[in-house]
Amino acid sequence: MNTDILVIGSGIAGLSFAIKASQFAKVTIATKSEVAESATRHAQGGLAAVMKKGDSCWLHVKDTLRAGDGLCIKKSVNFLVKHAPEQIRWLQGLGMRFDRKPSREAVHSRPRIVHRGDITGREVEDFLVSLAKESKNITIKEYHLATKLIREGNMVIGAYLLDARKNGIMQCSAKAVVLACGGLGRLYKNTVNPQISTGDGFALAYNAGAELMDMEFVQFHPTGLYNSEPPFLISETVRGEGGIMKNRLGMPYMAHYHRDGDLAPRDVVSKFSIDEMKKTKSSCVYLDARHLGGQYLKKRFPNIYAECQKYGIDMAKDMIPVSPTAHYSCGGIKIDLKARTSLTNLYAIGENSCCGIHGADRLASNSLTEGLVIGASLSAYLKKSMKKEESLQGSSITDLTMPCEPLLTKDKARLATVRKRLQDIMWEQVGIIRNVAGLRDAITEIEALEKEAKRTKGFDAGKAQALSMLTTARLIAVFALRRKESRGTHFLIDYPERDDARWIRHLTVSKGKGKNMESKSF
Ligand SMILES: Cc1cc2nc3c(=O)[nH]c(=O)nc-3n(C[C@H](O)[C@H](O)[C@H](O)COP(=O)(O)OP(=O)(O)OC[C@H]3O[C@@H](n4cnc5c(N)ncnc54)[C@H](O)[C@@H]3O)c2cc1C
């Protein structure tokens with residue numbers, strides 16, 4: 001199969017980019033599930049952008065830098081904030097409708113979250129899917145999972161795609177390959193990320209030899225609905241609108257720990273929620289929104305209200321049981337502001353990429369915006385550079401679909417055990433509170449699990465994803481062990497303080513470079 005641009009992933013980043021690029025190129029979107037399945041679909045809060053009087057770009061930059069705990073790359077933050085409003089207008093111009101009044105979330109000094117009720121992600125995803133389906137220049141390949149990038153020298157010329165329904169592998173050659181595979185929450189036992197968030201993009205890029213950056217910074221959201229299945233997030237907007245974190249005894253606690261109280265950064269609220277859970281011998285804490293009143297809650301949070309009711313919780317009468325949950329990867333495939341990776345013709349956008357916007361902790365609702373802004377920047381870049389055929393020409397790959405040997409039932413069971421063990425290790429040892437010995441043990445155990453997974457015979461989508469999870473998990477643990485300080489989402493008991501003298505720098509790694517990883521300053 002041949003295409004001009006192969007986009008891997010169909011969340012906000014992949015779809016919005018594909019729609020723009022389809023104006024000047026043939027685009028193929030390969031996505032491993034149904035096209036609309038993505039983390040984007042589950043986003044509730046919205047998109048951060050300065051759209052109203054009383055707010056300013058300067059304030060949005062300042063808030064982003066504050067959340068990033070000293071590690072944001074300012075040039076990237078400025079770029080995001082400057083281009084965010086035009087991307088919201090791009091969506092609106094195509095017919096997407098948002099509520100008139102922006103909402104507020106933690107660390108934002110102004111209400112600037114552009115939203116559609118409390119189901120913004122679903123509305124945006126469905127809207128983009130319908131536009132992509134209408135485009136003659138976009139081909140969507142559902143249930144096609146990218147398993148490996150194809151390289152010629154330093155140039156990426158395509159990818160192997162596994163047709164999950166037929167269990168056969170084909171090659172797809174492209175002049176440009178764009179990784180838009182989203183995040184990695186499913187590496188952890190507790191997460192609100194959907195099933196698709198298995199960290200594939202990071203592993204694909206790493207295995208191809210691309211550089212990754214800041215992988216130690218995994219954001220944990222403090223308010224996952226406790227014991228919900230499928231896991232459900234209580235949006236930060238509930239705290240933004242006045243919700244209060246309380247412990248099992250009904251005592252508010254965030255004001256004791258941080259000047260911003262309940263609106264402190266996510267890593268801070270998550271960490272102190274764990275402390276409160278330990279102190280009160282409880283497996284959850286509570287979010288109290290009762291004082292906001294039933295009428296208001298039902299109108300402002302209809303989806304959250306209904307979801308809570310499914311578990312017998314009435315937000316107007318009951319405190320909501322919540323606990324921290326793996327949420328977002330601040331690090332990823334290292335890119336510049338045109339989404340170029342360290343490999344020629346390989347680009348990355350959305351959550352699996354990293355240009356330093358989020359630093360050590362992401363400001364709420366900057367993620368969807370980033371997907372749009374960096375995707376637009378890549379589209380503009382390719383529009384110009386694709387004219388220079390010589391620099392983008394990929395070599396041709398023969399059309400071939402090879403059936404895979406299916407896995408035996410016993411090997412499937414082995415992989416399920418590996419996956420479960422990995423999620424436990426990541427939660428216990430590479431989670432919210434880390435220590436050096438625990439990280440070392442985790443790396444050894446993950447390596448053993450990798451060997452175990454590779455010993456299984458045959459190949460299918462489940463095995464491909466398990467292998468990606470293991471690679472990405474090892475990367476996070478190795479990065480975390482390397483950073484000997486605590487900052488943002490990375491809390492290391494052995495080094496509990498932020499250490500600006502030594503650690504205002506970004507860790508990077510690429511396969512085969514150095515023994516474990518390279519460390520670079522910006
Ligand atoms: C519950 C929840 C609430 C959130 N709320 C907000 C919010 O209010 N505001 C905000 O800014 N952010 C929010 N986030 C974060 C935000 O949703 C994500 O960071 C963002 O949607 C990522 O977009 P993306 O396009 O990079 O990836 P995704 O939307 O995750 O899409 C990834 C795509 O890649 C595909 N894929 C993955 N691996 C492969 C592979 N190997 N081959 C082929 N396809 C593959 C997937 O099937 C999927 O289509 C939230 C996240 C969650 C989970």
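Is Asp 214 buried or exposed? At 0% relative accessibility, Asp 214 counts as buried, and that residue is taken up again in point 6 below. The structure under review is a predicted model, and the points that follow should be read with this in mind.

1. On the surroundings of the ligand. The shell around the ligand holds 38 residues, of which Thr 40, Gly 46, Asp 200, Glu 351 and Ser 367 are the closest. By residue class the shell divides into 15 nonpolar, 18 polar and 5 charged residues.

2. On polar contacts with the ligand and its cover. Backbone atoms take part in the contacts listed here: a backbone N or O atom of Glu 37 lies 3.1 Å from a ligand oxygen, a polar backbone atom of Ala 39 is 3.0 Å from an oxygen atom of the ligand, and a polar backbone atom of Gly 46 is 2.8 Å from a ligand nitrogen. Of the 1,000 Å² of accessible area that the ligand has on its own, the protein covers 98%. Two or more residues of the shell come from each of helix H1 (12-21), strand E6 (144-152), strand E13 (320-329) and helix H11 (366-385).

3. On the cysteines. The count of disulfides comes to 0, and two residues illustrate how the distances lead to this. With 2.5 Å as the limit for a pair of sulfur atoms, Cys 57 cannot qualify, because its sulfur is 16 Å from the closest cysteine sulfur, that of Cys 72. The sulfur of Cys 355 is 6.7 Å from its closest counterpart, in Cys 354, and this too is too far for a bond. As for their exposure, Cys 57 is partly exposed at 35% relative accessibility, whereas Cys 355 is buried, with a relative accessible area of 4%.

4. On a salt bridge between parts distant in sequence. A search of the whole structure finds 33 salt bridges. One of them joins Lys 189 to Glu 428, with the closest N and O atoms 3.7 Å apart. Lys 189 lies in the loop between strand E8 (168-179) and helix H5 (200-208), while Glu 428 belongs to helix H13 (residues 409-429), so the pair ties together parts that are 239 residues apart in sequence. Lys 189 is partly exposed, with a relative accessible area of 41%, and Glu 428 counts as exposed at 51% relative accessibility.

5. On further salt bridges and a network. Side chains of opposite charge can pair when their charged atoms come close. The side chains of Asp 336 and Arg 340 meet in a salt bridge with an N to O distance of 2.8 Å; Asp 336 is partly exposed, with a relative accessible area of 27%, and Arg 340 likewise counts as partly exposed, at 32% relative accessibility. Another salt bridge brings together the side chains of Arg 502 and Asp 499, at 3.9 Å from N to O, and Arg 502 counts as partly exposed at 46% relative accessibility. Salt bridges that share partners also join Asp 69, Glu 216, Arg 483, Glu 485, Arg 487, Arg 498 and Asp 500 into one network.

6. On backbone geometry that a reviewer may wish to inspect. Asp 214, the subject of the opening question, has a positive phi of about 60° although it is not a glycine, and this residue lies in the loop between strand E9 (212-213) and E10. Ala 339 also has a positive phi, of about 75°, without being a glycine; its place is the loop between strand E14 (332-334) and strand E15 (346-348), and at 0% relative accessibility Ala 339 counts as buried. The peptide bond from Glu 229 to Pro 230 is cis, with omega near 0°, and Pro 230 is found in the loop between strand E10 (218-225) and helix H6 (237-240).

7. On helix H5. This helix is mostly covered, with 8 of its 9 residues buried. The buried residues of H5 are Asp 200, Gly 201, Phe 202, Ala 203, Leu 204, Ala 205, Tyr 206 and Ala 208. Asp 200 is also listed among the closest residues around the ligand, which links this point to the first. After H5 comes Gly 209, whose phi is positive, near 100°.

Methods:
Residues are numbered from 1 along each chain as its sequence is written. This is a predicted model: local features need pLDDT of at least 70, side-chain atom pairs count only at pLDDT 80 or more; totals for chains, interfaces and linings use all residues. Side-chain values use heavy atoms; hydrogens and water are left out. Buried means under 20% relative accessible area, exposed over 50%, partly exposed in between (1.4 Å probe, protein chains only). A residue is near a molecule or strand if one of its heavy atoms lies within 4 Å of it. A polar contact is a pair of N or O atoms within 3.5 Å; within protein, one must be able to donate a hydrogen and the other to accept it, and residues adjacent in sequence count only if both atoms are side-chain atoms. Accessible areas come from the Shrake-Rupley method with a 1.4 Å probe; for residues, only the protein chains shown count as cover. Helices (H or I, at least four residues) and strands (E, at least two) are DSSP runs, numbered from the N terminus. Ala, Val, Leu, Ile, Met, Phe, Trp, Tyr, Cys and Pro count as nonpolar, Asp, Glu, Lys and Arg as charged, and the others, Gly among them, as polar. A salt bridge is a side-chain nitrogen of Lys or Arg within 4 Å of a carboxyl oxygen of Asp or Glu.
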